[in-house]
Amino acid sequence: MILGFNRIFFRKLKCLKITHMFNHRTFRFASQKFAEQKQNPQQLVSFEDIRLQKHLQFLSNLFMTSEKNETKEVFGHVFKLDVLRHINNLLQEIARAKEEIRELEVFISDLKELKDDLYNAALDEKQKFESKLEEMENEMLQLIIPSEVVDDKDIIIELTPGVGGQEAMLFAKDMFDMYCRYANWKGWKAEILRFDTTDLGGIRSAHVAISGHNAFKVLKFEGGVHRVQRVPKTEKAGRIHTSTMTVAVIPQPSEVNLCMLIDIVIHPNDIELEFKRSGGAGGQHVNTTDSCVRIYHKPSGIVTESQMERNQHRNRELAMKALRAKLYERELQTIIKETTTTRKIQIGTAARSEKVRTYNFAQDRITDHRAHITVHDVQSFLRGEDDFDYFSNMLQQWYNLQSLTEILNKYET
């Protein structure tokens, strides 16, 4: 049920018409309330919105004209046939439930003066249908918010220090630890592909492959520039410094990609392999064997390397895995730019020129600048468990609202 504040606020709006009724400041306020009160998109949109009804009818017609096992593109998003079928069936069930409620309302009106057992039974039956109708409408709104075609992919997270010298490298290490702990907390698999450390315990660069259910969907909002404001370990006067680091979230290609026909083929003649001795900490072995593998892909100019394993063959596999992911991301970016030109955020890209989040230790807060979401307790957040997961869920809900609003606004004219 909608909380009291939103019941009054959105009753006045009748339906969500952000293009005409919200300016930027108002929408930001609504987004903050949406985050603070843990609202879902279906609680902010009237199911009777004429634009929504037009869209549902469009999807139903699309299903009727679809062939077996076919996928359909709708506003730059891909819908599978079974999803369209479910939407069509759900529309019919919703229509039947509304008809049942109308008939019960007439029956209740006739028995209103008696108020006997039959009257009470009819009231109970009406309430059951209304609850079922609400559930189906909520489910429908979730179905029409399309998933990105790479949401189910495994990912490679690349972390790079930005401005701030040693402090930026230390913060990059904190972020690396947070993502690894979160992967472990979720029961995912985290595999370190690259990890270049500094003498003070920071990192110059780190790549980690994370495999798990909907890994990209959950962590895609981490891509971008992260800013930290705190007193560094290297600061003797106790002054607060501002440093940055960059996170890139790259979806990994699967062996067979049915959703998008991106075929990543790496020809042996297009790559140059270089074998050398590993550097950094690791004992005698890293200094005496040529286990580090460096791969140069001539057509794209992309270079990857791995020295995490003692076995040269294994390091070559890891370097090739990173190369395939980078090539896949390049192709994916091209398709995303062609199909989602009005998207408010970039999905699957690193958004390196934009500050996406600030970690302020003095005020003990974390603020995401895209969704205008603020939470507190930085240390708990960086543990990469419940607090980080809750924050990720809020970002996903915010993005769902953006996606749904964008779809509905296409029916304004």
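Helices (H or I, at least four residues) and strands (E, at least two) are DSSP runs, numbered from the N terminus. The model described here is a predicted one, so local features need pLDDT of at least 70 and side-chain atom pairs count only at pLDDT 80 or more, while totals for chains, interfaces and linings use all residues. Residues are numbered from 1 along each chain as its sequence is written, and side-chain values use heavy atoms, with hydrogens and water left out.

A good place to start is a loop. Phe 47 sits in the stretch that links helix H3 (24-36) and helix H4 (50-64). Is Phe 47 buried or exposed? Its relative accessible area is 7%, which makes Phe 47 buried; the cut-offs are under 20% for buried, over 50% for exposed and in between for partly exposed, using a 1.4 Å probe and protein chains only. Phe 47 also has a distant partner in sequence: Asn 138 is 91 residues away along the chain, yet the two C-alpha atoms are 8.6 Å apart in space.

Next come the helices. H4 and H5 pack at an angle of about 120°, and their axes are 9 Å apart. Here, axes are lines fitted to C-alpha atoms, for helices over the stretch in contact, and angles run from 0 to 180 degrees between N-to-C directions. H4 and H5 are therefore oblique to each other. Angles under 35 degrees count as roughly parallel, over 145 as roughly antiparallel, 65 to 115 as roughly perpendicular, and the rest as oblique. The crossing of H4 with H5 is left-handed, a label used if the near helix is turned anticlockwise from the far one by less than a right angle (clockwise would make it right-handed).

H5 (residues 81-110) also packs against H6 (residues 117-143), this time at about 155°, with the axes 9 Å apart. That makes H5 roughly antiparallel to H6. This crossing, too, is left-handed. Sorted by class, the contact of H5 with H6 has 19 nonpolar, one polar and nine charged residues. In this sorting, Ala, Val, Leu, Ile, Met, Phe, Trp, Tyr, Cys and Pro are nonpolar, Asp, Glu, Lys and Arg are charged, and the others, Gly among them, are polar.

What about the span of each helix? The 30 residues of H5 reach 44 Å from the first C-alpha to the last, close to the 44 Å expected at 1.5 Å a residue. The expected span is 1.5 Å times one less than the number of residues. H6, with 27 residues, reaches 39 Å, close to the 39 Å expected. Buried residues of H5 include Leu 84, Ile 87, Leu 91 and Ile 94. In H6, the buried residues include Ala 122, Lys 126, Phe 129, Leu 133 and Glu 137. An α-helix has 3.6 residues a turn, so residues three or four places apart point the same way.

Further along the chain there is a sheet. Three strands make up an open sheet in the order S8-S9-S10, with antiparallel pairing; two strands pair if DSSP finds at least two bridges between them. Strand S8 (271-276) and strand S10 (302-306) are the edge strands, each pairing on one side only. From one strand to the next, the twist averages 15°. S8 and S9 run antiparallel and are joined by six bridges, and Ile 271 has His 297 in S9 as its bridge partner. Strand S9 (residues 292-297) pairs with S10 over five bridges, again in the antiparallel sense. Arg 294 stands opposite Glu 305 in S10. The hairpin of S9 and S10 has four residues between the strands, and Gly 301 there takes a positive phi near 80°.

Most residues other than glycine have a negative phi, and most peptide bonds are trans. Asn 214 is not a glycine, but it has a positive phi of about 55°. Asn 214 lies in the loop between strand S5 (203-211) and helix H8 (215-219), and at 18% relative accessibility it counts as buried. Asp 377, not a glycine either, has a positive phi of about 75°. The loop between strand S13 (373-376) and helix H11 (378-382) holds Asp 377, which counts as partly exposed at 34% relative accessibility.

Finally, Asn 393 belongs to helix H12 (residues 386-409). Its relative accessible area of 39% makes Asn 393 partly exposed. Asn 393 and Val 218 are 175 residues apart in sequence, with 7.7 Å between their C-alpha atoms.
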